[in-house]
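Work through the exercises below with the model open. Each task is followed by a stepwise solution.

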Amino acid sequence: MSRRRLLGALGAAGLGAGFTHGAAAQHEGHDAHAMAPAGAAPQAPPATATARPAQPTGAYTPVRTPNGWTLPHRVRDGAKEFHLVAEEVEHEFAPGSRARCWGYNGGTPGPTLEAVEGDRVRIYVTNRLPEATSVHWHGILLPSGMDGVSGLNQAAIAPGETYVYEFTLRQHGTHLYHPHADEMTQMALGLMGFFIIHPRGGEPEPIDRDYAILLHNWALHPGTWRPDPSVMTEFDLWSFNSKVFPATEPLVAASGERVRLRFGNLSMWNHPIHLHGHQYLVTGSDGGRWPRALWRPEVTEIVGVGQTRDIEFVAAPGDWALHCHMSHHTMNAMGHGVPNPIGVDQRGVATEVRKLLPGFMPMGGNGMSEHGRHVAMGMMPGPENTLPMMSGSGPYGPVEMGGMFTVLKVRDGLARGDFRDPGWYAARREQTARRVSDNPDFGAPVRRPDGAA
């Protein structure tokens, strides 16, 4: 049964009365209106936008977690109750690569928790792992005994046990949850998730579409099925919400809508997140939505380890890349210490090497693009359960990306709350780069003079 049907069944049975508007898995639509863009100073709304007043107290636009979901809750004795289950899961990073990971409620990352500033929350945590665990509510103000560091704030949750955390939310912003017990293993295997707290007074400039993306890294050695928690730097998979391109879900918006992207980083590296086609505003963090005077325009924002960052923009029509700007973080199954054959004449090498290694195929003499083409054509099978370094196809050919890469798809006239993939953008010919010659001696380009320093 799908989560959508499950929630419907619960409601029919009278059990859904305590679930709030934001509780349905992936929130099937919300009140999303176009609105004025933000900037360093107030600006007039674009011609395609419809201004609207601030949201009423307690109202919010539900967050969508691409490739993930939002955990339902019920209200009991004045508190919003959630139930997390830490357990081993089988996770698919992309078709062709699966692993035995650890997660919450059947997946990694765990489901997003959503509540409102001022809410009392009660969170049950059941441990189905083979070792003890705990949950730390990253960046959240709460009593010391609820902070979740095993041995310091509480006894560890032993296998089979259920603990309860209960506290009142005294802030708003983009927050996280993760273990504070054997972190090296448990976080490396995927135990983490978002805890989003919406402002009690509503947003002064309401958000039309609100996305949450968790940044993480994995060491899934070629041909293996279990992430390696001992790796400190040489990771080979970099993920958005535990998926790698081309399996990352596209972000969808209507032209003129105000979009917020929330990023949380629980990986072992900092990530400069770059969005094409927009100059966005950095508007918040785990400290909440900043005062407007602190907003700043960027096109690339570093999200440090353990940090969250919120960015906002008014969506412009097109297909726009969103990715980490560390180039190795937009590749899959990255190898380390591989010989560099670029510029090397390898003619005849394959014939000789195949005498010792049947099936050998040289690669990389002119760059790495040929690797993706060979794998796609079935000419160079990689190790079992291992993705090619670059993959994915677009309307014009191979995209040649992987890892922390996805596409923001903005379309005119998209229905409010419609998150379906609209397909590829149909750009006008006069607005598309095109070939004007196939002669390498075309034109008369100015070249650097001989002898110049």
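**Exercise 1. Chain overview.** Task: state how far apart in sequence the contacting residues of the protein chain lie, and describe burial and surface.

Solution. The model is predicted. Step 1: take contacts between residues at least 6 apart in sequence; 74% of them join residues at least 24 apart. Step 2: count the elements, which gives four helices and 24 strands. Step 3: check burial. Of 453 residues, 51% count as buried, the cut-off being under 20% relative accessible area. Step 4: add the surface. The accessible area comes to about 21100 Å². Carbon and sulfur atoms hold 56% of that area.

**Exercise 2. The four-strand sheet.** Task: find the strand order, and explain why S5 and S7 each have one side without a neighbour in the sheet.

Solution. Step 1: read the order, S5-S10-S9-S7; the sheet is open and its pairing mixed. Step 2: go to the edges. S5 (113-116) and S7 (136-138) each have a single partner strand, so one side of each lacks a neighbour in the sheet. Step 3: get the twist. Neighbouring strands are turned by 25° on average, direction ignored. Step 4: inspect one pair. S7 and S9 (residues 173-178) are antiparallel, with three bridges. Here His-138 stands opposite Leu-176 in S9.

**Exercise 3. The five-strand sheet.** Task: which strands stand at the edges, and which residue stands opposite His-274?

Solution. Step 1: the order is S13-S24-S21-S15-S19, in an open sheet with mixed pairing. Step 2: the edges are S13 (251-254) and S19 (300-303), each with a single partner strand. Step 3: the twist averages 20° from one strand to the next. Step 4: S15 (residues 271-275) runs antiparallel to S21 (residues 318-324), joined by three bridges. His-274 stands opposite His-323 in S21.

Methods: Residues are numbered from 1 along each chain as its sequence is written. This is a predicted model: local features need pLDDT of at least 70, side-chain atom pairs count only at pLDDT 80 or more; totals for chains, interfaces and linings use all residues. Side-chain values use heavy atoms; hydrogens and water are left out. Helices (H or I, at least four residues) and strands (E, at least two) are DSSP runs, numbered from the N terminus. Buried means under 20% relative accessible area, exposed over 50%, partly exposed in between (1.4 Å probe, protein chains only). Contact means heavy atoms within 4.5 Å. Accessible areas come from the Shrake-Rupley method with a 1.4 Å probe; for residues, only the protein chains shown count as cover. Two strands pair if DSSP finds at least two bridges between them. Axes are lines fitted to C-alpha atoms, for helices over the stretch in contact, and angles run from 0 to 180 degrees between N-to-C directions.
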